[in-house]
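Student: I am new to this structure and should like to go through it step by step. May we look at it together?

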Amino acid sequence: MANDRVLRVAIVGSGPSGFYAAEALFKADARTRVDMFERLPTPYGLVRGGVAPDHPKIKSVTRVFDRIAAHENFAFLGNVTVGRDISVEELIRHYDAIIFACGAEADRRLGIPGEDLPGSHTATEFVAWYNGHPDYRNRMFDLSAETAIVVGQGNVAMDVCRILAKTPDELRHTDMAAHAFEFLAESRVREIILVGRRGPVQAKFTTPEIREMGALADCAPMVDPAELALDEMSRAELEDPSNKHSPKNMAVLDEFAARALGGSSRCFRIRFLLSPTELKGGERVESVLFERNRLEGQPFALSSRGMGVFEEIPCGLFFRSVGYRGVPIPGVPFDERRGVFPNRNGRILGNGGPVPRLYATGWIKRGPSGIIGTNKPDSVETVEALRADMAETPPCEAPDTSLVHELLASRGVRVVSFADWQKIATAEIARGAKAEKPLEKFVSVEEMLSVLDT
Ligand code: NAP
C-alpha cells in the first residue's frame with residue numbers, strides 16, 4: 001500500500017472463510033480493525049450448522065477461530081443481519097472495505113415434477129435441522145417411511161445417509177440437537193439408497209466418508225457388482241496416475257460389493273448412472289422415477305446422458321443433495337445462474353468492473369466446493385486484492401465502530417459480542433454435561449439471548 005493508514009474492514013459472515021480473511025488481514029497488518037458481522041448470535045457458520053455431529057474432530061478448528069477472535073482489533077457483531085439491520089451502503093460509510101464471507105445458504109433444485117411434494121426435502125434443511133440451526137428447528141421429516149432416497153453423491157449426501165443409518169447409541173453422545181436425536185431415535189427408515197447420476201469413478205464423496213459406511217453398528221453397505229462395471233472412459237479416468245481419489249473409493253466399493261449380507265437391520269445401498277426425472281405420489285412422495293444414464297465426453301469431463309430407459313424406486317422420504325447456492329444481499333451484484341457474487345480474485349464485479357470496497361471469499365466467491373481448509377488460501381487471495389486496491393481508495397467517510405453500534409441500537413438490534421457468545425457457549429456446554437454430550441445447543445435466538453440476561 002502506498003500510504004500507511006490503518007484499514008477498517010467489515011467481514012460479513014463468521015464461517016471459516018470469514019475467520020481466515022480476518023487472519024490474513026491481521027497477518028498483513030496487525031493494526032487492521034476487523035468487525036465481523038453475523039446474523040446469528042453464534043459464530044462459525046457451517047462448522048456449527050453443517051459439519052456432522054458425529055464428526056467432532058472437524059469442529060476443533062473453532063479453536064483456531066477463537067484465537068483469531070482474541071486479537072485486540074477484532075470485534076464480533078452477532079445477531080446483526082446485513083441488508084436488513086444495516087445496509088451495505090451504511091457499511092461502506094463506516095469501513096474502507098467489506099468482505100462478504102456469507103457462504104451459500106440455499107440449495108440447488110433438480111427442476112423436476114413432484115420436487116415439492118411432502119416427503120421431499122433438501123439435504124441442507126435436514127443437516128441444519130439436526131445441527132440445531134434456529135431457522136430449521138421446526139422442520140418436520142417423516143421418518144416412518146421404510147425407504148429413504150438421497151440424490152447426489154457428495155459428502156453432504158454421505159452425511160445425510162450416515163445420520164439416517166446410525167443407531168441411537170451411535171448418536172446419543174454427539175452434539176446433535178436434542179429435538180433431532182429424539183426424532184431420529186424413533187426412525188423407522190431401514191433402507192437408505194444413495195443415487196448418483198454418473199458412475200462410481202466420478203462420485204464426489206471422499207474415501208474416509210464412504211469407508212465409514214462400512215463400519216456402522218447396524219447397517220450393511222450394499223453395492224451390486226454389476227453397477228461397478230466401468231465404461232472405457234471411466235476406466236481411463238480411474239487409471240490416470242493423477243487420479244488419487246477414485247481408486248481409493250473404488251477399492252472400498254469393491255469391498256462392499258464382495259461382502260456377504262450380514263444380519264443388520266438397516267442397509268445402505270449405492271446406485272449409479274441414474275437421474276431422477278419425477279417424484280411421484282398423491283398426498284406425499286411414494287416413489288421416484290429415474291432414467292438410466294450413460295457417460296459422454298472425455299476423461300475427467302464426463303457428463304451423464306439419459307438413455308430413455310426408466311426405473312421406478314418406491315420410497316417415503318427423498319432428499320436432494322445436489323449442492324448449495326448463495327443468496328443475494330441488497331446492494332451487492334449477484335450471479336443468478338451460479339448463485340455467487342460475481343468476482344475476479346475476490347473483487348466483486350458490477351456491470352462496469354470491480355465495485356469499489358466490495359470483496360468476496362469462500363462459497364459466495366467460488367461456489368460451494370472444497371473443505372474447510374480450502375477457504376484459507378481463498379481468503380488470502382481476497383485480502384491481497386483488497387490491500388492492493390486500498391492504495392487507490394480514499395478512507396471511508398465515518399471510520400468509527402461506535403457509530404455502527406449507535407445505528408444498530410437506534411433500530412432495536414441487540415448486538416451479541418464475542419464475550420456474549422462465549423457466555424452462550426458455556427451455557428450450552430453445561431446443558432450438554434447433564435446428557436453426557438459435548439454440548440446441548442440452544443436452537444432459538446430467543447433462548448440464546450435470554451442466557452445473556454441471566
Ligand atoms: P458436491 O461435492 O459438489 O456434490 C454434489 C453432488 O450432486 C454430486 O454428486 C453431483 O453430481 C450431484 N448433482 C449435481 N446436480 C445434480 C443433478 N441435477 N442431478 C443429480 N445429481 C446432481 O457438493 P456437496 O455434497 O453439497 O458438498 C459441498 C462441499 O462441502 C464439497 O466440497 C464437500 O466435499 C464438502 N463437504 C465436506 C465434508 C467432509 O469433509 N466430511 C462434509 C460435507 C461437505 P456430479 O458429480 O455429476 O456433478
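Student: How many residues has helix α1, and how far does α1 reach from its first C-alpha to its last?

Tutor: This is a predicted model, in which local features need pLDDT of at least 70, side-chain atom pairs count only at pLDDT 80 or more, and totals for chains, interfaces and linings use all residues. Residues are numbered from 1 along each chain as its sequence is written, and side-chain values use heavy atoms, without hydrogens and water. Helices (H or I, at least four residues) and strands (E, at least two) are DSSP runs, numbered from the N terminus. Helix α1, residues 16–28, is close to the 18 Å expected at 1.5 Å a residue (1.5 Å times one less than the number of residues): it has 13 residues and reaches 18 Å.

Student: How many residues of α1 are buried?

Tutor: Buried means under 20% relative accessible area, exposed over 50%, and partly exposed in between (1.4 Å probe, protein chains only). Among the buried residues of α1 are Phe19, Tyr20 and Leu25. α1 is mostly covered, and its buried residues number 11 of 13.

Student: How many helices and strands are there in the protein chain?

Tutor: The C-alpha atoms of the protein chain fill a box of roughly 65 × 55 × 40 Å along the principal axes. Of its 454 residues, 55% count as buried. The protein chain has 17 helices and 18 strands.
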